[in-house]
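Dear colleague,

I am passing on the structure we spoke about, and below it you will find my notes on what turned up when I went through it. Please read them with the structure open beside you.

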Protein chains: 2
Amino acid sequence: MTKKYYSKEHLKFLLYDVHQVERLLEYDYYSVHDRATFDLFLDATEDVASEHFYPILTEMDRNEPQLTDGRVRVHPNMRKIMEIMGEGGWISSAAPYELGGNQIPTTIMYAASFIMGCANYSVTAFPFLSMGAAGLIASFGSEEQKAKYIPRIFNGTWQGTMALTEPGAGSSLSDITTTAVPAGDGCYKIQGQKIFISCGDSDAVDNVVHLMLARIKGAPAGVKGISLFIVPRERINADGTLTCNDIATAGLYHKMGYKGAPIVHLAIGEHEDCYGELLGEANKGLSYMFQMMNEARISVGLHATSIATAAYYASLQYTRERSQGRPVTAKDPNLPPVPIIQHADVRRLLLAQKAFVEGALSLEIQCSMYEDLRKVTSGEESERYSLMLDLLTPVAKSYPSETGCLSTSWALQCLGGYGFTKDFPQEQYYREVRIHPIHEGTTAIHGLDLLGRKVMAKNGQGIMYLMQEVMQEISTGEQHPDTAAAAAALKKRIQILQETTMHLFKVAQQEGPDVFLSDATLYLEMFGIMVMSWQWLKIANIAQQQLVNRPGDTFLQSKITCLKYFFEYELIKVDYLSKRLKSEVRITTQLNEEELD
Amino acid sequence: MTKKYYSKEHLKFLLYDVHQVERLLEYDYYSVHDRATFDLFLDATEDVASEHFYPILTEMDRNEPQLTDGRVRVHPNMRKIMEIMGEGGWISSAAPYELGGNQIPTTIMYAASFIMGCANYSVTAFPFLSMGAAGLIASFGSEEQKAKYIPRIFNGTWQGTMALTEPGAGSSLSDITTTAVPAGDGCYKIQGQKIFISCGDSDAVDNVVHLMLARIKGAPAGVKGISLFIVPRERINADGTLTCNDIATAGLYHKMGYKGAPIVHLAIGEHEDCYGELLGEANKGLSYMFQMMNEARISVGLHATSIATAAYYASLQYTRERSQGRPVTAKDPNLPPVPIIQHADVRRLLLAQKAFVEGALSLEIQCSMYEDLRKVTSGEESERYSLMLDLLTPVAKSYPSETGCLSTSWALQCLGGYGFTKDFPQEQYYREVRIHPIHEGTTAIHGLDLLGRKVMAKNGQGIMYLMQEVMQEISTGEQHPDTAAAAAALKKRIQILQETTMHLFKVAQQEGPDVFLSDATLYLEMFGIMVMSWQWLKIANIAQQQLVNRPGDTFLQSKITCLKYFFEYELIKVDYLSKRLKSEVRITTQLNEEELD
């Protein structure tokens, strides 16, 4: 029997009660669905995850993909899994009906992705990259391009990717050098190198369709000269047959974790025989790509959370089964040892995990709800959701990624020496989750994005909207004794956040952008804690309401406990972070590099 | 050429200038030495580490030990290395002359161990376990036992171990069940299971001598019935030949990191043919073992620091060589990219590492100096050093272990995507260092030790002595503008620490030991930050004095910079930790476990 790797009850509580995903059913686009179809979809996802994803979790780690005869060989089950993901409609789930999709809300699709990620993150990467790539073609492609690529990505026979990074252009995408030269009939000859391409080659599929950034010869320098191309591993002839498109898999990265998904180095057009199709207009590639990148960023935060969730349940099970030591109040060695879950510090490690994984999942669902609402509403209302989503994206990507690493570490620690061994899954989770603060923009990049761009975007309209949401939860929280203290504590920190932000803008004016942004990562952490606290208050407010009819209910009570935990142990970190952010002592910006030796 | 894996300049600055190890030469026991012999020893250590330890760092990780035909096969170079460790006098370095040792101060021996650990922690475990085991026999063994075991442990042909942990007795040593039955002529028949025994079997040596905890039949329950035995893998016949002693290697742990050192499961006396010798008196085993455990605890903190040190220098080199992006003040894409060390957040990650690894090394040297001074002084003075060492041991074990994990994570982060790959050593360091918050007592155990035992031991005499030391550095620091702010900040936190401690003792009286100790891990962290701040102030005070004669010296200036970094970014965490510790909201102690599901 499969061990528990996530909480269905909590997921559904967040979806239906806290974030009220059924609100979406009121809009035309989603009106054919109902709660029953959502539940069916999620239950089917759990079935597939338990039957196909979870059982190969360890195998995929121990037998990583191999590059043989120029082709990447992945776990042999992956082909079958991609078929299921295609035929069962997962890859196309969120796409509109006219493209063969099922118009499932992003929120429900992400919830499904979360379940899969809890079961096996490496497997999950394959279908969800395909989904994002198809989404880009759907948004910006011609009818011909849609017809050519989307059905075969959707049915799981072709893999979609995002091919951005180059040897000299990782965090700095403006330095991309892959070139595209017009070759007639709308085609471009492509040449360059792409590195760190997830699922960039695999024998689980018949073809790989790269959504690739390149620079058309003569385009302006920087991001303004980047275009987006569809560049398949095998190009499609007029008669539908495939021809090798001169994309060589030059290398396969050997990684610390997340080994089931192949990450490759591609050499493109080495024999001058690689052709791609321009997607949308020239020189707008980066702005197009941001559609997929923003989705991917939410997805990274979500999957840091999914790995940490699986680690949490594994550690919870262990701490219930393992007996060791006695309570500090009953040290008599003649008494039998107790399950270690009775020790206060083990409980602290467990509560810390629970408060993190459940709160972070709520944050990701919050973001996907804004994405759905942005899509189905219009005008000022849509703008409101867009701005809040833009503001939250760097936070939803980075805070769960950073804290997810800590959370899996706490899970590992619960097992003592066994946690360090391969007899238990914790060490694998610990290795896997470490990718998340890196890919789709490092934490530092998101700190710069948040403080340097998002907070001030549209004159700070986004943060004003967000604060309205937060204040609403505070008002609700103030009305009940179990949440009033938390509401007051958050209100105080909101003020600290505002003061800190104003202080930093003054620094920007007085000392320039380098000093202003020098501790942006700390600002991101502070913002993340505040946002998580808001989510916990939101969850607790709903739990509180439901407790009226279900007094003493353990599940609901646990939300109040997590709220207390998060506010007692985490929210207070805002105080020291703001202290540093408001300090006038400059260190990194004035550093003499020679001192580092 | 070997890349830099530690800073000789910093190590010697700490030894000679900050901690003034030459003070030890004034005592008879160490009087034959001088700075030149210390330097020779350390330089020879670096040579061996560079020639033999560092080159097999990756190999040992990729080819972990194997259990074949009942014997553990380790890296083939290990036999040669143990010979060198023996013949070159490393294993015996700190032992007295009469035992064939060289009476090197513990401080210098630990400094050598640090250099080795920076080069390759797995290799270092072998000789240093031998050293500890021989030390136990030297302290508590009969002349016959000393003659029988010590020379062959010292010459590297036999391996020493500490065999404590059992399947049901890890953190809870009082539950040890391995039995010893008198078998005449001072021998005991031993039977039981030992798990997680480092270097518990290996083909690098001809024999393994286990210093093993067991319970003599009829002994009282708990720690009062534990005795210490010498139990060799092959027992020594009267004619000097060896006979298999019925200790089977039942299993080899497959670990996340630190793979070069074999950790084994031993089945002892399965054929009722295992014999051991009692070491010292019956039922005093645990108190004897604490000699080796306390050394091992300092050693764990030291080696968390050594791994993080090597990771720091690897990341420093990368950030100098890797160009990516542009300063936030010069975003023109036509300008060439800059080395990433110029980006503020990369500098923050580097400074965070430097401040941690250099400060933590100072803390470990501080502890070993107290150990040396305790040994060569007497009466009240010796007691003073003993008490401070006892108090600092849980901190010196745990703070560097926990922060070492973060520090190697920062090192990994400096490399972006490459940090997650096996192309660079950071991912290995990240896996290796994770053992340290676990072995030799988990962090939680040390939190309980610090708050529940050490702080109040001898009516708080130890903490009073320590505070005198800290106040002395504060007085010195107050006298110079570059250190005055730090001195004032530390003074304030000392007061917070005292208030928090007093508050907790009140809680102990009013609410009992379970509530009192429930957040002991946070108390340990707070104490650790305070102790590290003290070390940085001590370092900076010396740097300040030397800057008078070497104005603008980069090396000395870097110490002032690290002081500022640590105080600006780390010391302030004391404020939120104390806030939680003084809070009256009880969570873990009142938790309904069912809520965790």
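In helix α4 of chain B, which runs over residues 77–87, the buried residues are B:M78, B:I81, B:M82, B:M85 and B:G86. Around the helix axis they cover an arc of only 140 degrees, which puts them on the same side of α4(B). This fits a general rule: an α-helix has 3.6 residues a turn, so residues three or four places apart point the same way. The partners against which the buried residues of α4(B) pack are α2 (35–53), α6 (121–140) and α7 (143–154) of chain B. Just after α4(B) comes B:G89, whose phi is positive, at about 85 degrees. Please keep in mind here, and in everything that follows, that this is a predicted model.

As for the overall build, chain A has 18 helices and 12 strands, and its C-alpha trace spans about 80 × 60 × 60 Å along the principal axes. For 597 residues a compact globule would have a radius of gyration near 25 Å, and the 24 Å of chain A agrees with that. Of the 597 residues of chain A, 59% count as buried, and among the contacts in chain A between residues at least 6 apart in sequence, 76% join residues at least 24 apart.

The two chains are related by symmetry. A turn of 180 degrees, with a shift of 0.0 Å along the axis, lays chain B on chain A with an RMSD of 0.0 Å, and that is the relation of a two-fold axis. Of the residues of chain B, B:Y576 comes closest to the rotation axis, with its C-alpha at 3.3 Å.

The contact between the chains takes 79 residues from chain B and 79 residues from chain A. On the side of chain B that touches chain A, the helices that each supply at least two residues are α9 (344–376), α10 (379–413), α11 (426–433), α12 (443–454), α15 (513–517), α17 (554–571) and α18 (573–582) of chain B. The largest share of that side comes from α17(B), with eight residues. Sorted by class, the side of chain B that touches chain A has 29 nonpolar, 30 polar and 20 charged residues. Because 100% of the interface residues of chain B are also interface residues in chain A, the copies meet through the same surface.

Helix α18 of chain A, residues 573–582, has A:K573, A:V574, A:Y576, A:L577, A:S578 and A:L581 buried. The buried residues of α18(A) pack against α14 (481–511), α16 (520–547) and α17 (554–571) of chain A, together with α18 of chain B.

The largest nonpolar core has 406 residues, and those with the most contacts inside it are A:L213, A:F229, A:F566, B:L213, B:F229 and B:F566. Leaving out residues up to four places away in sequence, A:L213 touches ten residues by name: A:A163, A:L164, A:L173, A:I176, A:T178, A:I226, A:L228, A:G285, A:L286 and A:M289.

Some single residues also deserve a look. Most residues other than glycine have a negative phi, yet two in chain B do not follow this. B:D69 has a phi near 50 degrees; it lies in the loop between β1 (66–68) and β2 (71–73) of chain B and, with 5 C-beta neighbours inside 10 Å, counts as exposed. B:K458 has a phi near 45 degrees; it lies in helix α13 (residues 457–478) of chain B and is partly exposed, with 15 other C-beta atoms within 10 Å.Two glycines in loops complete these notes. B:G419, in the loop between α10 and α11 of chain B, counts as buried, with 29 C-beta neighbours inside 10 Å. Beyond residues up to four places away in sequence, B:G419 touches A:I438 of the other chain, as well as B:L412, B:Q413, B:C414, B:F424, B:Q426 and B:E427. A:G260, in the loop between β10 (247–252) and β11 (263–268) of chain A, is buried too, with 26 other C-beta atoms within 10 Å. Leaving aside neighbours within four places in sequence, A:G260 is in contact with A:M60, A:D61, A:H75, A:S122 and A:V123.

With best wishes

Key:
Residues numbered from 1 in each chain as written. Chains lettered and ligands numbered in written order. Predicted model: local features only at pLDDT ≥ 70, side-chain atom pairs only at ≥ 80, totals over all residues. Helix = DSSP H or I, 4+ residues; strand = E, 2+ residues; numbered from the N terminus. Rg over C-alpha atoms; globule rule 2.2 N^0.38 Å. Buried ≥ 20, exposed ≤ 12 C-beta atoms within 10 Å, placed from the backbone. Contact = placed C-beta atoms within 7 Å. Nonpolar A, V, L, I, M, F, W, Y, C, P; charged D, E, K, R; others polar. Arc of directions from axis to C-beta. Least-squares fit on C-alpha atoms with pLDDT ≥ 70 in both. Core = buried A, V, L, I, M, F, W, Y, C linked by C-beta atoms within 7 Å.
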